[in-house]
Amino acid sequence: MAVLDLEVDTAVVSPVRKRRRVGALFLAAVAWIVLIGLAAALAGALPIVSPTDMDILARRAPPGAEHWLGTDQLGRDEFSRLIYGARISLTVGLLAPVIGVLIGGSLGMLAGYFRGRFETLTVGGVDVLLAFPPLVFVLAVTAYLGQSVLNITLVIGVLGIPAFTRVARAVTLSLSEREFVVAARALGATHARILLRELLPNVALPLVAFFLLGVAVTIVVEGALSFLGLGVPPPAPSWGSMIAEGRENLDIAPWLAFLPALFMFLSVLAFNIVGDTLRALTDPRPGAL
Amino acid sequence: MTAPLLSVEGVSVELPTPRGALRAVDNVDLALAPGRTLGIVGESGCGKTMLSRAILQLLPKRARLGGRVMFAGRDLTNLPAEALRRLRGPELAVVFQDPMTSLNPVLTIGTQIIETLQAHLGMDAAAAATRGVELLAAVGIPAPAQRLRQYPHQLSGGMRQRVAIAIALSCEPKLLIADEPTTALDVTVQAQILDLLAREQQRRHMAMILITHDLGVVAGRTDEVAVMYAGRIVERAPTSRLFAGMRMPYTEALLAAIPKLDSPPHTPLPAIAGRPPDPTRPLAGCSFAPRCRYADGRCRAAKPPLGDPERAGTLYACWHPLGLSESASA
Amino acid sequence: MASFVGKRLLYLLPVLLAVSLLTFLIASLLPGDLAYTILGDQATPERLAALRAQMGLDLPIWQRYGLWLWDVVHGDLGRSFRTGETVLGAVLDRLPVSIELMVLAELMGLAIGIPLAILCAVKSGSAVDRFLTGLAFGNLSLPSFMMAILLIYLFAVQLNWLPATGWVPFSEDPLGNLRSFVLPALTLAFAEWPALMRILRSDMIATLQEDYIAMAKAKGLRPARILFVHALKPSSLTLVTVTGINIGRLIGGALIVETIFALPGIGRLLVGAIYARDFIILQGVVLFVAAGFVVVNFIVDMLYAVLDPRIRHGRA
C-alpha cells in the first residue's frame, strides 16, 4: 500500500499556494480530530448505548430516531460502535508512532551527529527493516506473537522507526555543520548538551509533522489488520472489522460498510492534512537524503 | 536603404515580483538590416538576455511584453503559435550561453541535430544524418560521424558550443541571435568560436545579433553596437565610430575595464564602482548617475533622452556626453 | 558498466543475509513451541519430543538458523505440515497470479497518473492543477480495502458489470482471467496513481524550466515532441525508480486485495497460512517476499543507469 510510504518525498505542491487553501481545510481537519478524539476519550460518559448490546428485533435498521445511524447485522447500534471503534483506532494510532519517534528520532539524531560506524550500522539496520513490505511484517509478527492491542501497537511502532530515523538524521546532518553547533563545540559544550539544547529543538518540528503523518498511516494499518480479522480481537469494535462485516451486507445495508469507512477516511485525511501542513512549513524543500 | 530584417519597436518587458513590477527591458528600439551584425553590450542584469528572449518570443509565462517586434515584415508579437514555430529554425535561430544546459543531456547529439532537419526540411532519417555530419564538420568538429551517437556530456565545452551553432545554422536562418556564446567557455576557445560565427555569418550573408558583456568581443566583429544599461539602450553607433569617439561615460568605463596587453604588469583594472540600480526601484534621474564620475545635479534630477543631436547616425542618452563641450546636449 | 553492476551486487548479498536473519528471528518469536502448535494439545510428551528432535528444535538458536539458511540456499523452504506441499512449490504456484496483479495494477496506475501529471505540469498553477493535486492528496487517505469495497459496490453490486470474486487461469479463459483482474488491479491502481502523478508532475515542472526546453522551442520543434521526447525522458528517472520499487511494495496491498477478491496469489497464501496457523508456510513466504523486494530494488537501480547515460558513464 503506497500509503505506508513515509519517506521524505520530492517537493510537491509549493507551500505558498497550498497555505491559502489549507487555511480552512487545516481548521476543519483539526476540528474533526478534536471532535473524534473527545468522543473516543469520553465514550464511557456519553449518553449512548453499549456497542455490544444486540437489539435482535432491529437488525440492519437504517438511520432513525431510535438508533441514530442505524444498526448492524446483529442489531448493535452503529453510532455507538463507531465511537468505540474510534477508541481503538486512535489509541493504536497515537501510541504506535510514539515508539517510532522516540526510538527512530534518537537513533537518527545520534547517527547524524556522531557519523562513522554507528551511522553506517544504523542506516544499514534501517534499510534491512525497510526491506520488508510493511503489512507482511506486521502480519507475520502478530501471527507469531498473538493478536492484542499491545502487540499491534508495538509492531506498527517498530515499523515506523526507519522513517523517523531518516528524518532525524537528515535534519541533524544539515545542522551539524552550521555555525551555532561549531560554536557550541568550540566553547567546550558536551555532546549531550549540543544534542539536547541545540539540535533537538530543530529536529523536533519535522519529527512532529512526521508523527502526525504516522498517525494517519497507523490508523490505516490497524484498519487493514482488523479488516482481515487479524487485528484487535473481537468483540472490540474496530472500524476495520466493521467494514469487513459491512461487506457482507453491501447489497441490503451498504451504510454498514460506508459509515465506518467514512469515519476512517475523515480521520486519516485530517491527520494527513495537519501533518502535511506542518511538514511544508518546516521543510519546504526536503531535498535528497 | 534596404528594409530592415528585424525591427524592434518600443519593446519593454515587465516581470511581476513580490516587491512590485520589475522593468527588465524599457522601451528599446533597434533595427537590423539583412546580412549585418549588431552587438548588444552590457553588464549582467542590464536586460540584454530578456531583450533577446523578447525578440524570440520565448519570455517566461509571467512576463508582460510591450511594443512590437517586426521580423521580415511580420509582427512576431501577434503571430499565432504555429506560424511562429515554423519560422524558428529556417528564419530565426539562437545560440544560448551555456551549451551544457542548452543541449538536452539525455538525447544524443545526432537526435538533436536530426530532429531540427526533419521538423523543418522534411528530410528522412538517413538524409538528415548525412546532412548532420556535414554540418558538424563545417563547424570544425573532428570525427563528426561518431559524434552523432554521443551525448553532450561526452564533449568538451567548446565542442558543445560548436554543436549548438551547427544546430542553429542547420536550416539556414536569416537571423542568428548569439546570447553570450563564449561566456561559459575557456578563454583559449572563445576566439575560435567567435571567428567561427563571424565566418559563417559572412558566408551565408546572415544577419546576426551578438550579445555580450565584453566590449572587446564586438570590436572588429560587428557593424553596429548598442550599449544597454538598466534595461535601456544608452548608446548606439556604428562600431568603428563608437570606438573612435564614444559619448557615454558608461561605455568609456566599459572599455577601460578591458585588460590590455600592452599595459605595464600589475596595472590595476579600473573596475566600475558600485552596482546597477535595483530594477524594482527605478531612479528619477539617469540610471548611471550614482556610478558616473561626471554626474551632477541635473543628471540625478532628470533622465536624459536617447537622441541623435549630432545627426550622425549615433544615438546616446547623456546630459554631458564625452568629447563635446558642455552645452552640446539638448 | 560492469563495475557498476559488480559494486551493487556486493551490497545486495549482506542485505539478503540480514533479511533472512530477521525473518528467522521473527519466526522464533513464537511463544511456546512449534511442535506443540503442529501437534496440538492432544499430543503426548513423547511425540512432542520426537518431533522436536526431528525438526531440530532443541538445538541452539544460531545452529537452527544455520541449518535453516543452508536449506533455504538449496531451495528447500520447508514443507507444510498441514497440506504437505513444499513451501517453495506453493509459492511458485501462486507467484504468477500475484505478479499479474501487481503488474496490471502498476500499469493502470501509470495510465492514470502519467497523463494527469503531464496535464498538471503543463498547466501548473491553474485551477485544473490544484484540483487534481488535491484529488491525489485525498486519494492517499483512502486505503485499498476501502477502495475495494467502493468499487465492488459500484461495479459489482449496483452495475453488475464486473465480478466481485472468482478467478480463472489465463490458459483456460484469457478474457475471463483479465476480467477477474480488473477490479482488483483498479483498486491497487487507485492507491498507486497519486504518488506516481506527484513525482512526475514535480519533475516535469522542474524540467520544463530548463534551458534545453527553451532551446527546443527556439528550434521550432512541435509542442508534442518537446513534451514527450525532450521533457518526459529526463523527468522520468524518479518515476521509473518509484514504479519499480512500488511493484515490489505492492505485495503489501496486494495481500488485502487478493484476499478480498479471492485471487490465488502469494498474499492470499500468506493470510491463509496465518488463519490456519501454518507457521512453516508463513516463514517461507515472508522470506520469499522480503528477498524478492530487495532483488526488485536492485534491478530498478540497474534500470536507472540505463535511462540516465550520465550515471552509466560515471558522471552523475
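Trainee: How far apart do the C-alpha centres of domain 1 of chain B and domain 2 of chain B lie?

Mentor: Good place to start: this is a predicted model, in which local features need pLDDT of at least 70, side-chain atom pairs count only at pLDDT 80 or more, and totals for chains, interfaces and linings use all residues. Residues are numbered from 1 along each chain as its sequence is written, while chains are lettered from A and ligands numbered from 1 in the order in which they are written. Chain B is divided into domain 1 (6-80 + 177-257 + 270-280) and domain 2 (92-172), with bounds that come from an automatic or database domain assignment. The distance between the C-alpha centres of these two domains is 25 Å.

Trainee: Which element gives the largest share of the side of domain 1 of chain B that touches domain 2 of chain B?

Mentor: Domain 1 of chain B brings 18 residues to the contact and domain 2 of chain B brings 15 residues (two residues are in contact if their C-beta atoms, placed from the backbone, lie within 7 Å). On the domain 1 side, two or more residues come from each of β7 (175-179) and α8 (187-204) of chain B; helices (H or I, at least four residues) and strands (E, at least two) are DSSP runs, numbered from the N terminus. The largest share, seven residues, belongs to α8(B).

Trainee: How many residues on that side of domain 1 of chain B are nonpolar?

Mentor: The classes are simple: Ala, Val, Leu, Ile, Met, Phe, Trp, Tyr, Cys and Pro count as nonpolar, Asp, Glu, Lys and Arg as charged, and the others, Gly among them, as polar. The side that touches domain 2 of chain B has two polar and five charged residues. Its nonpolar residues come to 11.

Trainee: Which chains share the most contacts?

Mentor: Start by setting aside chain A and chain B, which do not touch, their nearest C-alpha atoms being 13 Å apart. Chains B and C meet through 22 residues from chain B and 18 residues from chain C. The other contact takes 41 residues from chain A and 45 residues from chain C. Of the two pairs of chains in contact, the one that shares the most is chains A and C.

Trainee: Which element gives the most to the side of chain A that touches chain C?

Mentor: The candidates giving two or more residues are α3 (116-130), α4 (134-145), α7 (191-227), α8 (239-248) and α9 (255-282) of chain A. That side divides into 34 nonpolar, three polar and four charged residues. With nine residues, the top contributor is α4(A).

Trainee: And which element gives the most to the side of chain B that touches chain C?

Mentor: Here α2 (81-87), α3 (99-102) and α4 (109-121) of chain B each give two or more residues. By class, this side has 10 nonpolar, seven polar and five charged residues. Four residues come from the element that gives the most, α4(B).

Trainee: Which are the edge strands of the four-stranded sheet in chain B?

Mentor: Follow the order β2-β1-β4-β5 in this open, antiparallel sheet of chain B; strands pair if DSSP finds at least two bridges between them. Two bridges join β4 (residues 64-71) of chain B to β5(B), and M70(B) has D75(B) as its bridge partner in β5(B). Helix α1 (residues 48-56) of chain B packs on the sheet, touching β1 (6-17), β2 and β4 of chain B. The strands that pair on one side only are β2 (20-32) and β5 (74-75) of chain B.

Trainee: In the seven-stranded sheet of chain B, which residue stands opposite V94(B)?

Mentor: This open sheet has mixed pairing and the order β6-β7-β8-β3-β9-β10-β11. β6(B) and β7(B) run parallel over four bridges. Opposite V94(B), in β7(B), stands I177(B).

Trainee: Which element of chain B has the highest mean pLDDT?

Mentor: For chain B as a whole the mean pLDDT (the predictor's confidence in each residue, from 0 to 100) is 86, with 96% of residues at 70 or more. Residues 326-330 of chain B stay under 50. Among the elements of chain B, helix α12 (residues 297-301) has the lowest mean, 79, while the highest, 94, goes to strand β6 (residues 92-95) of chain B.

Trainee: What percentage of the residues of chain A count as buried?

Mentor: Chain A has nine helices and zero strands. A residue is buried if 20 or more other C-beta atoms lie within 10 Å of its own, exposed if 12 or fewer, and partly exposed in between, with C-beta atoms placed from the backbone. Of the 289 residues of chain A, the buried share is 49%.

Terms used: Axes fitted to C-alpha atoms, helices over the stretch in contact; angles between N-to-C directions.
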